[in-house]
Amino acid sequence: MGSTSTKIKLRTSDQKVFEVEKAVAVQSQTIKYIYENGCPDSVIHVHSVSGDILSKILDYCKKHVNSAAGKEDISPEELYEWDANFVKVDQNTLFDLILAANCLKIESLLDLTCQTVANMIKGKRPEEIRTTFNIKNDYTIEAEEAVRRENKWAFDMLGGVGTMVIEELADDTMSKCVTNTKSRVCVIAANQIVMMRSISKLANKKSIDVYKQPQNPTTPRIKESVKQRNVGTGFIELFFHFKCKM
Amino acid sequence: MTTEGADIRGDVLESILSHVPLIHILPASHVSKSWNHAVFSSLRYFSCPKPWLFLQCQNSRPPYASSSSFAYDPRSNHWLRIHNKNPSLQYASAIRSSSNSTLLYMLSPSKFSFSFDPFHLTWHHVDPPLVWRTDPVVALVGRHVIVAGGACDFEDDPLSVEIYDLDARRWDACDAMPAILKDSAASAWLSVASSSKTLYIMEQVSGVTYSFDPTSRIWSGPLDLRHDENIFFSVIGIFGDNLVLVGLLGDSENVKDVKVWEVKGKSFEILEEIGIMPKELVEKLKGEDASINSIKISCTGDFIYIYNPREPEELVMCEIGGEGVCRWGSLKNPAVSDWSRVAEKMVLTSADVGLGDLGKAAESGKVRFSICE
């Protein structure tokens, strides 16, 4: 049958059957492959997709096929807006759409939905991301420290305080930083992390004398003493006095 | 997200993360163990970090303060504005770039300062070289900073070369540059490329090329890198273990083509043409003027960023893919819309930027990024 309105039947996981035009259905590379390699008369089973989701996906495919074929008079801007409205759904539906687009291999829909979720991740701190997607933080304190140490950085990107970078580590350097009481202080010198200390360990001490033996023999050896004072709710100011040997 | 089935993980999460710009991926890697794995897997298999282009604009008169900085991330096709929160750097002189990579330097009679980390947060300050120089070739080769040529008129030897050893922290003099470069021994006439072991210098107009090994302190050459006689101007950059040559063909009033060759072989005798710049991008380089007198490039990894110093509104980006096939694109320079070109100078560098580099930059407290819309 060479007619342009060949129809393909799709059966979803919840036993709903959809009959769609071939041109629309083969937007899915998976369906296209099955249709071209299997028997075109029987029904194609789309196991992992429910009726509601498939219905939405078929709307998307139809819109895009029609606009590309010129059947609908729609400008690129209008199509872009239509896409933007298409993804204004609740989170569950959005994820279902992603999973379905992934398994049906509809690249443009996968890009669109992934970009939508990516926009929900952009600009957020880890805690905010966890709240948005209801993710459990399965890091223990030690594991979190290990991950940070492994990646050689100690704070998340937005609003990290409490890091000090010593540019020129000469003898008798004085440096200070303000940090909140929950964080850690990380001292970087000669492009290497030479000290990482949690504030809780420094709390209640007027000064600490620590001699730090670095792992790398070319790193300067630092003897530091720390003084602290409270400068406001939850913030303390730390004075570091360094004596170093090169 | 209450149903288990709607949990995003695995390659779907990795696919999502490939749409997230690098600066926002940092917090995502901290969300949970599975997200941490997904971030690193995504960066490895879905969309790996690509070399960034950095633009620094500064006043060309004292106090030379840096007015704005931008960076381009080709992975997510975004320009970022870099806010310098801790401008404690003393600008004794203008910041300049000489080799086509990540090194920036400042040279004054009392101090020589240089920086080669991607975001230029760490500056090294040392005594200046013995010979007074205005426009030298400055390049980092391994643990040596090589300063060549560019000597002031009253100095005896325009070809003098000095090497600063980063580990020993001292300057050494060594053999001067080849005599043939006598009239053009300054950064304005030379294109410089440096790998971890060797320095390559090409005179941009004639194509004469020499190489220098700072360990043996020997100049070798000349290398014949121009096999096409139509090239009137060429520059070089490092590409893996080899070199790339970007050449302008025709003449400056009528540039016919801009081509890219890969230069291979033990003595760099094999030149393989790997790309021709599309005509519409050549027109963008020409800008309002119909001519291109010179081009500058910054070259890191698989990326070559090309621009015309006289018409900096548009930059051209060339990504060398597998099989040596080039993918071309153009970038609108965000710095140009901001300022009047007369009083400001633009310096370009490029560098590999990974998640760790970004983390260090963010934590230093000295910089903050915002995406330019």
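Contact here means heavy atoms within 4.5 Å. In this predicted model, that criterion gives a good way into helix α1 of chain B, residues 10-17. The helix is mostly covered, with six of its eight residues buried; these are B:V12, B:L13, B:E14, B:S15, B:I16 and B:L17. The cover comes from both chains: what lies over the buried residues of α1(B) includes α5 and α6 of chain A, together with α2 (22-28) and α3 (33-46) of chain B.

Chain A itself can be introduced briefly. It has nine helices and 10 strands, and 41% of its 246 residues count as buried. Among the contacts in chain A with a separation of 6 or more, 51% are made by residues 24 or more positions apart.

Helix α3 of chain A rewards a closer look. Its 19 residues reach 26 Å from the first C-alpha to the last, close to the 27 Å expected at 1.5 Å a residue. The buried residues of α3(A) include A:G51, A:I53, A:L54, A:I57 and A:L58 in the earlier part of the list, and A:Y60, A:C61, A:K63, A:H64, A:V65, A:N66 and A:S67 besides. The buried residues pack against both strands and helices of chain A, namely β1 (7-12), β2 (17-21), α1 (22-25), α4, α5 (91-104) and α6 (107-121). After α3(A) comes A:G70, with a positive phi near 80°.

One of these partners, α4(A), can be described in more detail. The axes of α3(A) and α4(A) come within 12 Å and cross at roughly 175°. Angles over 145 degrees count as roughly antiparallel, and the two helices are therefore roughly antiparallel to each other. On the α3(A) side the meeting residues are A:K56, A:D59, A:Y60, A:K63, A:H64 and A:S67, while α4(A) contributes A:L79, A:W82, A:D83 and A:F86. Within this set, A:K56 lies over the face of A:F86, at 4.9 Å from the ring centre.

Aromatic pairs number 19 over all chains. A:Y60 and A:W82 form one that is tilted, with 6.5 Å from centre to centre and 40° between the planes. A:Y60 lies in α3 (residues 51-69) and A:W82 in α4 (residues 76-86) of chain A, so the pair ties together parts that are 22 residues apart in sequence. The two partners can also be placed by accessibility: A:Y60 is buried, with a relative accessible area of 2%, whereas A:W82 counts as partly exposed at 24%. In chain B, the rings of B:F112 and B:F114 have their centres 5.3 Å apart and their planes at 40°, so this pair is tilted. Both residues are buried, and they belong to one aromatic cluster with B:Y105, B:F116, B:Y164 and B:W171.

Some backbone details of chain B complete the picture. B:G221 and B:P222 are joined by a cis peptide bond, with omega at about 5°, and B:P222 is found in strand β14 (residues 218-223). B:N77 is not a glycine, yet has a positive phi of about 55°; this residue lies in the loop between β2 (66-73) and β3 (78-84) and is exposed, with a relative accessible area of 54%. B:R169, likewise not a glycine, has a positive phi of about 55°. B:R169 is found in the loop between β9 (161-165) and β10 (170-174) and is exposed, at 59% relative accessible area.

Technical notes:
Residues numbered from 1 in each chain as written. Chains lettered and ligands numbered in written order. Predicted model: local features only at pLDDT ≥ 70, side-chain atom pairs only at ≥ 80, totals over all residues. Heavy atoms only, no water. Phe/Tyr/Trp six-rings, centres within 6.5 Å; stacked < 30°, edge-to-face > 60°. Helix = DSSP H or I, 4+ residues; strand = E, 2+ residues; numbered from the N terminus. Buried < 20%, exposed > 50% of the residue type's maximum accessible area, 1.4 Å probe, protein only. Lys NZ or Arg CZ within 6 Å of the ring centre and 35° of its normal. Expected span 1.5 Å × (residues − 1). Axes fitted to C-alpha atoms, helices over the stretch in contact; angles between N-to-C directions. Parallel < 35°, antiparallel > 145°, perpendicular 65-115°, else oblique.
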